[in-house]
Each structure stands twice: as structure tokens, then as C-alpha cells.
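User: I would like to go through this model term by term, asking what each label rests on. Could you set each value against the definition behind it?

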Amino acid sequence: MRALVVDHGEAGPVRFADVDEPVPARDEALVEIRHISLNFGELNYVDQWPAGAVHGHDAAGVVVRAASDGSGPSEGTRVAVGMAPHAWAERVAVGPASLGIVPAGVDLADAAALGIAGVTALRVLRKRSLLARDVLVTGASGGVGHFAVQMAALAGARVTALVGSPDRTAGLRDLGADQVLTDLAGTENRFDLVLDTVGGPLVAQAFSALAEGGTIHLVGYSSGQDTTFPAGTLFGFGEPRSVATYGDMTPTSAELTDLLGLMAAGRLSAPVGLRGDWRDVDDAVQALFARKVPGKVVLDVT
């Protein structure tokens, strides 16, 4: 079968290859993949995976063979695959802990967009009550950012979306942002929670804008820059402010189910900024790296 595998060469980060058919364990379903979803991190930091390995973590498709032990979804069930290894292939063996059943009315391509981005946003925003809180989402035009803006607004937060340039502000107010900024300089807002996908100098700026008891959750570092805190920045009176890292790779089925339920109810939309054929993956990767895609890239497996 065909799959996208890790390529450490100049032509990378992925290439097509013929690979062996997956052999499901007793507790794994065989899923025929219809759509895959690209993430900046897994492509930009591809050296963290072995060359030649089937790449990717997020996809959606249909169960063509249920798990032999009777667990998980039955044959014919539409499923979203989230944070599962080796997902960018024509067929994938997946355990039920990485699957969410896609409700009627939810497009499979939209379900494929959830995975890492949707689950990350949901897990961070669940760290505290957001009702009438001030929330800052940095890198808000990306996949995690689009989901986070929507979910924070659903939870009753006052949402500030921060983007890198004016041309990346489109649509964020429609998703629930009360304010859209391109720079934190001069803002008088004090945030109870910051979901940061950018890293670099922005982290120090956001820390200075934290309210007492506020937390920055670091979920990405797309800037690739170091963070330096000016002298005195980390000192303060009142309830402590904090910086929290994120790297939760626990099973995603429960969160996928919740997110798909919100989609089915019309309360959450998939931020698909580029839809195409997986044969054009090289163009899609370049567009993602060039910051030309608002939201997620979803490719059809043909």
C-alpha cells in the first residue's frame, strides 16, 4: 500500500513509498484512511522520527475490519484518528483509545482536522474555569489557535486572539474573539490564561500581561526563537503567576468524542484552510511552512 514516510533528505520532510500492509493486534481495528491532516510540528521537526517510518498522527476514515477481541467500533463505522502513530497511509491499524466515532452530519474531512490541534486546545482550556475570564491565544490563526478561540468563547471567556500580521486576522472575530491583536505592546489587558503556540520573545511579553494567579501554557514554539526574561520580570506580589509546559500524549478517544459532539451540534467548526489531494503533499507542506494556510491542512487520500 502507499504511505507518506519520513524523509530526512533535501526533498523531505515526507515522500511516498510502498509499505507493508498493517497487521492489527487483537485490540486494534483496521481503518481505511480517507483524509489526513498535517501539523506544523511533526513536519518541521521531522528529525525526531526515524527515516522511512510511516509518518503522521491525524486522519479520518472507515473501519474495514473491527478488532478481533470485540473492542472498539464495528466494521463500517466512520472514525477520526487522533495522535495515533503511522496515520498517513492508505490503511492503519489503530486501537480504540485513539479513535473517535464520527456522528452523522459531520464531514470526515472536518473530523480529520481535530487530532493534535483540537485535543491540545481542549486539554489546555480545561485546566481552569473560563467563565468571565480573560484568555489570550497566541498564533491564533493556526490550527490549535482556531480551535482554542472557539472553545474559549464557548466556555464564556473574553478572548483575545494574537496573530503575526494583519493579513492573518480574517475570521477570528466570527469564531468568537472579542479582540484581535497583532502586537501585545501597549495592551492594558491582564490575562488569566494564555495558550501560547509561538514561543520566543512573545512568552516574556505575555508573562508581563498575566493577571495575578494567571498561567501561560506553552504548547508550541513555531517561532524557533529563544525566550529571555528581562531582569525583574519574574518577581511580583500577589497570587503567583506560572508558566506550564504541555506534552500530553495520553489516549485521545474521550476528547475526540467531545469535540465531534460539538461539531455535530454546530458549536465547533473545523478550521480547514487548505483542502487538497495527498498527491500534492509537497505543495501543501510548503504552504504550511510559508504561513500561507489559516488553520489546518486536510488532504484527501486517493
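Analyst: Let us begin with aromatic pairs: rings of Phe, Tyr and Trp, the last represented by its six-membered ring, pair if their centres lie within 6.5 Å. The model is a predicted one, and a search of the whole structure finds six aromatic pairs.

User: What makes the pair of Phe40 and Phe289 edge-to-face?

Analyst: The ring centres of Phe40 and Phe289 are 5.8 Å apart and their planes stand at 80 degrees; because a pair needs centres within 6.5 Å and edge-to-face needs planes over 60 degrees apart, both conditions are met. This pair links distant parts of the chain, since Phe40 lies in helix α1 (residues 40-44) and Phe289 in helix α7 (residues 281-289), 249 residues apart. Phe40 and Phe289 also belong to one aromatic cluster together with Tyr45 and Tyr221.

User: Why is Phe289 called partly exposed?

Analyst: Its relative accessible area is 26%, and because buried means under 20% and exposed means over 50%, Phe289 falls in between.

User: Why does Thr77 count as buried?

Analyst: The relative accessibility of Thr77 is 15%, which is under the 20% cut-off, so the residue counts as buried. Thr77 lies in the loop between β4 (58-65) and β5 (78-81), and it touches Gly61, Val62, Val63 and Ile101, leaving aside residues up to four places away in sequence.

User: How do you know that the side chain of Thr77 makes a polar contact with the backbone oxygen of Ser74?

Analyst: The side chain of Thr77 reaches that backbone oxygen of Ser74 at 2.8 Å, and because a polar contact requires a pair of N or O atoms within 3.5 Å, the distance satisfies the limit.

User: Is Ala265 buried or exposed, and what is the reason?

Analyst: Ala265 has a relative accessible area of 53%, and because exposed means over 50%, it is classed as exposed. Ala265 sits in the loop between α6 (253-264) and β14; from C-alpha to C-alpha, Ala265 and Asp7 are 40 Å apart in space, with their positions 258 residues apart in sequence.

User: What makes strand β15 largely enclosed?

Analyst: Four of the five residues of β15 (residues 296-300) are buried, so the strand is largely enclosed by the rest of the structure.

User: How do you know that β15 pairs with β3 and with β14?

Analyst: Two strands pair if at least two bridges are found between them. Strand β3 (residues 29-38) and β15 have four bridges, in the antiparallel sense, with Leu299 of β15 as the bridge partner of Ile36. Strand β14 (residues 272-277) and β15 run parallel and are joined by five bridges, and here Lys296 of β15 is the bridge partner of Val272. Both pairings therefore meet the requirement of at least two bridges. In addition, β14, α7 and β15 make a right-handed β-α-β unit.

User: How do you know that β9 pairs with β8 and with β10?

Analyst: Five bridges join β8 (134-138) to β9 (158-162), which run parallel, and three bridges join β9 to strand β10 (residues 179-181), again in the parallel sense; because at least two bridges are needed, both count as pairs. Asp134 stands opposite Arg158 in the one case, and Ala161 opposite Val180 in the other. Four of the five residues of β9 are buried, and β8, helix α4 (residues 143-154) and β9 make a right-handed β-α-β unit.

User: What makes the phi values of His86 and Arg291 worth noting?

Analyst: Most residues other than glycine have a negative phi. Phi of His86 is near 65 degrees, and Arg291 has a positive phi of about 60 degrees although it is not a glycine. His86 is found in the loop between β5 and β6 (91-94), and Arg291 in the loop between α7 and β15.

User: Why is the chain said to be as compact as a globular protein of its length?

Analyst: The chain contains seven helices and 15 strands. Its radius of gyration is 20 Å, close to the 19 Å that the globule rule gives for 302 residues, so the chain is as compact as a globular protein of that length. Buried residues make up 50% of the 302 residues.

Notes:
Residues numbered from 1 in each chain as written. Predicted model: local features only at pLDDT ≥ 70, side-chain atom pairs only at ≥ 80, totals over all residues. Heavy atoms only, no water. Buried < 20%, exposed > 50% of the residue type's maximum accessible area, 1.4 Å probe, protein only. Polar contact = N/O pair within 3.5 Å; in protein donor to acceptor, adjacent residues only side chain to side chain. Contact = heavy atoms within 4.5 Å. Phe/Tyr/Trp six-rings, centres within 6.5 Å; stacked < 30°, edge-to-face > 60°. Right-handed = clockwise from strand over helix to strand, strands pointing away. Rg over C-alpha atoms; globule rule 2.2 N^0.38 Å.
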